[in-house]
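Open the model in a viewer and keep the sequence panel visible. The stops below say what to select and what is to be found there.

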Amino acid sequence: MSHQHSHAGQANETADCAIRLHNLTLTYHRHPVVHHVSGSFQAGELTAIVGPNGAGKSTLLKAIVGLMQPNHGQIDLLGIDRRELAYLPQQAAIERDFPLAVQDVVLLGDWRHSGWFGRVSRTARQRADAALERVGLAGFGKRSVDELSAGQFQRVLFARLLLQDARVILLDEPFTALDARTTADLLALVAGWRREGRTVIAVLHDFEQVRAHFPQTLLLAKECVAWGATAQVLNAANIARSNGMPQSWDDNAPICHRDESIAPVEHVHDHSALHH
């Protein structure tokens, strides 16, 4: 089994590529969820991961951040330390039925500086308050998170990301069930991250939102359907192909084996590459 690797000192690669997938297969109980995917996420770019339900999108994010290991292939972090990754899972997966103050949730983003159990400095609290102001929640620091609406809570989680100050930000369905104003405000933050040279990879469902805000797209249906410039990836033929690919697998089917002598198709900037 291949594991996730981090490569430093590869300036010529990191100029264009932040994360590379090589013939990646991810499984649950030997059941394929992501199937022989190869390609690269551009550094300093906004990339959407889209596809049908059950296509492996969230699983891929978990593997990139290191929450699960590949069954086959590898994920290369190019010039990026694992601590420079920030990950925001789906809001439904986050427990907030507890009396934790908003500022304390935001301060969890400062763990690289203060440690998980370190003393929180006055400077860190000031940075947390500034992050809350940036997401439109000035003065909310002392409120309990269980009092917030879904939109307000997502703003708190984005404030935590601001404090984390990561080079690569992974977002799993960050705008689902949010009102239009909150979505617009958070998309403005994402656009700001791109201007700052950060790499953002987001699982999304709204194709029009992707076309408007994310220049790069990976269309995934367990296998890679297309990966490249959004305008070329999200065409009718590719979308129809992704919807027609099987989203359920025979539990008794063996793990597939692919001829390793066949070189994987690499991600090509500004072109959608078909992976079979």
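The tour goes from the whole chain to a sheet, the helices on it, and then some single residues.

**Ground rules**

This is a predicted model, in which local features need pLDDT of at least 70 and side-chain atom pairs count only at pLDDT 80 or more, while totals for chains, interfaces and linings use all residues. Residues are numbered from 1 along each chain as its sequence is written, and side-chain values use heavy atoms, with hydrogens and water left out.

**Whole chain**

Select everything and colour by secondary structure. The chain holds 10 helices and 10 strands; helices (H or I, at least four residues) and strands (E, at least two) are DSSP runs, numbered from the N terminus. Of the 276 residues, 51% are buried, where buried means under 20% relative accessible area, exposed over 50%, and partly exposed in between (1.4 Å probe, protein chains only). The accessible surface comes to about 13,000 Å², and carbon and sulfur atoms hold 51% of that; areas come from the Shrake-Rupley method with a 1.4 Å probe, and for residues only the protein chains shown count as cover. Among contacts (heavy atoms within 4.5 Å) with a separation of 6 or more, 74% join residues 24 or more positions apart.

**The open sheet**

Select β6, β7, β8, β4, β9 and β10. These 6 strands form an open sheet in that order, with mixed pairing; two strands pair if DSSP finds at least two bridges between them. β6 and β10 (223-229) each have a single partner strand and stand at the edges, so one side of each lacks a neighbour in the sheet. On average, neighbouring strands here are turned by 15 degrees against each other, direction ignored.

Now reduce the selection to β4 (residues 46-50) and β9 (residues 216-221), which pair in the parallel sense over 4 bridges. One residue to pick in β4 is T47, whose bridge partner in β9 is Q216. With a relative accessible area of 2%, T47 is buried. Leaving out residues up to four places away in sequence, T47 touches F41, V200, I201, A202, F214, Q216, T217, L218 and W227.

**Helices on the sheet**

Add helix α2 (residues 57-65). α2 packs on the sheet and touches β4, β6, β7 (168-172), β8 (199-203) and β9. The direction of α2 makes about 150 degrees with that of β7; axes are lines fitted to C-alpha atoms, for helices over the stretch in contact, and angles run from 0 to 180 degrees between N-to-C directions.

Next add α6, which also packs on the sheet, touching β6 and β7. Its direction makes about 175 degrees with that of β6.

Keep α6 (residues 150-164) and add α7 (residues 180-195). Their axes come within 10 Å and cross at roughly 10 degrees. The two helices are therefore roughly parallel, on a scale where angles under 35 degrees count as roughly parallel, over 145 as roughly antiparallel, 65 to 115 as roughly perpendicular and the rest as oblique. Show side chains for G151, Q154, R155, F158, L161 and L162 of α6, and for R181, T182, D185, L186, L189, V190 and W193 of α7; these residues make the contact. They divide into 7 nonpolar, 3 polar and 3 charged; Ala, Val, Leu, Ile, Met, Phe, Trp, Tyr, Cys and Pro count as nonpolar, Asp, Glu, Lys and Arg as charged, and the others, Gly among them, as polar.

**Another strand pair**

Select β2 (residues 17-28) and β5, which pair in the antiparallel sense over 5 bridges. T25 stands opposite H72 in β5. Strand β5 (residues 72-78) is mostly covered, with 5 of its 7 residues buried.

**Single residues**

Go to F98, in the loop between β6 (85-88) and α3 (102-107). F98 has 30% relative accessibility and so counts as partly exposed. Beyond its neighbours within four places in sequence, F98 is in contact with S144, V145 and D146. F98 and D146 lie 48 residues apart in sequence and 6.3 Å apart in space, C-alpha to C-alpha.

Then pick V233 in helix α9 (residues 230-233), which counts as buried at 0% relative accessibility. From V233 to T217 the C-alpha to C-alpha distance is 6.6 Å, and they are 16 residues apart in sequence.

Which backbone angle should be checked at H36? Its phi is positive, about 50 degrees, although H36 is not a glycine. H36 is in strand β3 (residues 31-42) and counts as buried at 6% relative accessibility.

Finish at A177, in the loop between β7 and α7. A177, a residue other than glycine, has a positive phi near 65 degrees. At 74% relative accessibility, A177 counts as exposed.
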